[in-house]
Amino acid sequence: MDKILIVDDNLDVCQALALMLELNGYKSHFCLNPEAALKAMTEQDFALVIQDMNFTRDTTSGEEGRELFHALRAIRPDIPIILLTAWTELEMAVTLMKAGAADYLGKPWDDHKLLTSIANLISLHKLTLDNRELKRHQAERQSVFREADLCGLVFGSAAMERCVDLALQLAKSDVSVLITGPNGAGKDRLADILHANSPLQNKPFIKVNVGALPMELMEAELFGAEAGAFTGATKARIGRFEAADGGTLFLDEIGNLPLSGQVKLLRVLQTGEFERLGSHQTRKCKVRVISATNADLRQDIIDGRFREDLFYRLNVVELNLPPLAARKDDILPLVDHFTGKRELSDDARRALLAHDWPGNVRELENACKRASILGRGESLSAADFGLGSLAAVANSNEALQPIARGASQSQEPLRGEPDRDEIEAALARHKGVIAKVAKSFGLSRQALYRRMEKFGIDGKKPD
């Protein structure tokens with residue numbers, strides 16, 4: 001509940017204001033002189049001040065109110081202050097408004113106007129404080145980002161800022177981190193950041209794409225193998241755990257690890273012990289494990305494809321990376337990065353932001369490579385990115401809509417994308433009736449209007 005300081009030398013005024021505030025959900029504290037008000041301001045937390053302009057009988061200059069105003073602001077520079085004035089003090093009140101007073105009301109005041117002013121000023125003050133705190137956090141975060149090694153990561157969205165901020169916090173510890181998110185979203189880059197900003201940054205950093213390993217060689221890759229352990233193993237080889245000893249091991253696509261490998265991985269995480277394939281000699285290593293997956297491991301546990309005890313060993317903290325479609329503010333900064341800041345046409349910007357990017361950053365990077373090679377104009381177009389086809393897909397969907405809704409088929413066959421001459425001919429044939437023209441092309445009226453606008457065709461009926 002917000003608390004309001006009332007300062008007036010008239011006890012009746014103080015009590016009337018206090019009662020009004022209490023009836024409307026506020027707490028209040030009143031003082032009869034400036035000295036008591038200043039003392040209260042240093043001892044209590046107030047959301048707003050209502051102050052009189054004079055505190056000595058027969059004084060009407062408002063000078064005392066001016067001194068109190070500046071003294072209160074010296075203690076709390078941002079607190080809203082409402083001045084209660086008589087007509088004789090109006091000029092002083094206007095002067096104080098220019099100096100930062102929030103509002104002034106004449107005596108006797110109007111309860112409704114005063115309550116409205118109080119509510120608005122307190123809301124605005126809280127919003128200002130929230131914005132100030134947000135800017136402070138953003139400044140601190142940007143400072144952290146500038147000092148950190150972001151491994152070339154490019155982003156501009158708040159969602160990605162939060163993700164990177166959490167990654168930098170986790171980097172300081174040695175806990176296991178599970179990075180989740182769709183393919184191509186940049187999980188490996190987050191793993192780079194976790195290692196590059198950790199105390200192990202100068203130690204080995206070994207990456208393993210578990211999903212790319214043949215099933216029969218997976219355990220040998222992770223834990224090593226002795227000569228003769230399997231066909232073609234002519235000499236002993238160390239595994240990735242041994243190679244990463246003292247550093248970090250990144251296991252990408254961890255959901256593809258078979259159950260036999262999961263048992264051994266769980267043992268390493270619990271004890272630091274393992275055996276090479278074909279050996280009974282127990283070896284030890286100390287490795288920080290970062291894993292990543294695009295799979296739903298919780299569902300895999302239910303289906304019996306993933307061990308629950310291993311899941312909780314890997315997932316001390318989960319770092320979820322949203323798909324690119326959920327962080328649209330990253331798209332244009334990434335395009336600038338991938339294209340070397342080539343100029344974009346308006347249609348390219350619209351198409352880039354409208355596309356859902358099911359392949360995420362990887363798909364966007366490939367589209368930018370295409371555009372950089374094929375783009376010959378001063379600016380890159382949507383077609384250069386391979387996004388021109390999106391319009392054709394939309395047209396196809398629009399063409400199917402009337403049939404899907406059960407509408408009768410056109411008397412004329414469906415056509416391909418109509419050009420200017422075809423549209424004008426159809427308009428003349430159907431005497432400008434848009435519904436009939438759209439139907440003849442198998443389009444919705446909205447789709448036809450867009451094409452008419454594109455070609456600069458007037459849709460008015462002929463006389």
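## Exercises on sheets and helix packing in a predicted model

In this predicted model, β7 and strand β8 (residues 248-252) are paired in the parallel sense through five bridges.

**Exercise 1. Determine the strand order of the sheet that holds β7 and β8, and identify its edge strands.**

Solution. Start from a single register point: Asn 209 has Asp 252 in β8 as its bridge partner. Next, extend the pairing to the whole sheet, an open one of five strands with parallel pairing and the order β7-β8-β11-β6-β12. The edges are held by β7 (205-209) and β12 (317-320); each has a single partner strand, so one side of each lacks a neighbour in the sheet. From one strand to the next, the twist averages 20 degrees. Finally, place the helix: α7 (residues 187-196) lies across β6 (177-180), β7, β8, β11 (288-293) and β12, and runs at about 155 degrees to β6.

**Exercise 2. Carry out the analysis for the open sheet that contains β1 to β5.**

Solution. The order is β2-β1-β3-β4-β5, and the pairing is parallel. At the edges stand β2 (27-31) and β5 (103-106), each with a single partner strand, so each has one side without a neighbour in the sheet. The twist averages 20 degrees from one strand to the next. Within the sheet, strand β3 (residues 48-52) runs parallel to strand β4 (residues 81-85), and four bridges join them. Asp 52 finds its bridge partner in β4 at Leu 84. Helix α5 (residues 111-147) packs on this sheet, where α5 touches β1 (3-7), β3, β4 and β5; the direction of α5 makes about 140 degrees with that of β3.

**Exercise 3. Classify the packing of α2 against α3 and describe the residues in contact.**

Solution. The axes of helix α2 (residues 34-43) and helix α3 (residues 63-75) come within 10 Å and cross at roughly 15 degrees. Angles under 35 degrees count as roughly parallel, and α2 and α3 are therefore roughly parallel to each other. The crossing of α2 past α3 is right-handed. From α2, the residues Pro 34, Ala 37, Leu 38, Met 41 and Thr 42 meet Leu 68, Ala 71, Leu 72 and Ile 75 of α3. By class, this contact comprises eight nonpolar residues, one polar and no charged.

**Exercise 4. Describe how α13 packs against α14 and against α15.**

Solution. Take α14 to begin with. Helix α13 (residues 331-339) and helix α14 (residues 346-354) have axes 10 Å apart, at an angle of about 120 degrees. That angle makes α13 oblique to α14. Their crossing is right-handed. Ile 331, Leu 332 and Val 335 of α13 meet Arg 349, Leu 352 and Leu 353 of α14, a set of five nonpolar residues, no polar and one charged.

Turn now to helix α15 (residues 360-374). Its axis is 9 Å from that of α13, at an angle of about 45 degrees, and α13 and α15 are therefore oblique to each other. The crossing of α13 and α15 is right-handed. On the α13 side the contact involves Ile 331, Leu 334, Val 335, Phe 338 and Thr 339; on the α15 side, Val 361, Leu 364, Glu 365, Cys 368 and Ser 372. These residues divide into seven nonpolar, two polar and one charged.

**Exercise 5. State the confidence of the chain and locate the stretch with pLDDT below 50.**

Solution. The mean pLDDT of the protein chain is 85, with 91% of its residues at 70 or more. The pLDDT is below 50 over residues 389-414, a stretch with 22 contacts in the model beyond near neighbours in sequence. Where pLDDT is low, predicted coordinates should not be read in detail.

Conventions
Residues numbered from 1 in each chain as written. Predicted model: local features only at pLDDT ≥ 70, side-chain atom pairs only at ≥ 80, totals over all residues. Heavy atoms only, no water. pLDDT = per-residue confidence, 0-100. Contact = heavy atoms within 4.5 Å. Axes fitted to C-alpha atoms, helices over the stretch in contact; angles between N-to-C directions. Helix = DSSP H or I, 4+ residues; strand = E, 2+ residues; numbered from the N terminus. Parallel < 35°, antiparallel > 145°, perpendicular 65-115°, else oblique. Left-handed = near helix turned anticlockwise from the far one by under 90°. Nonpolar A, V, L, I, M, F, W, Y, C, P; charged D, E, K, R; others polar. Pairing = 2+ DSSP bridges.
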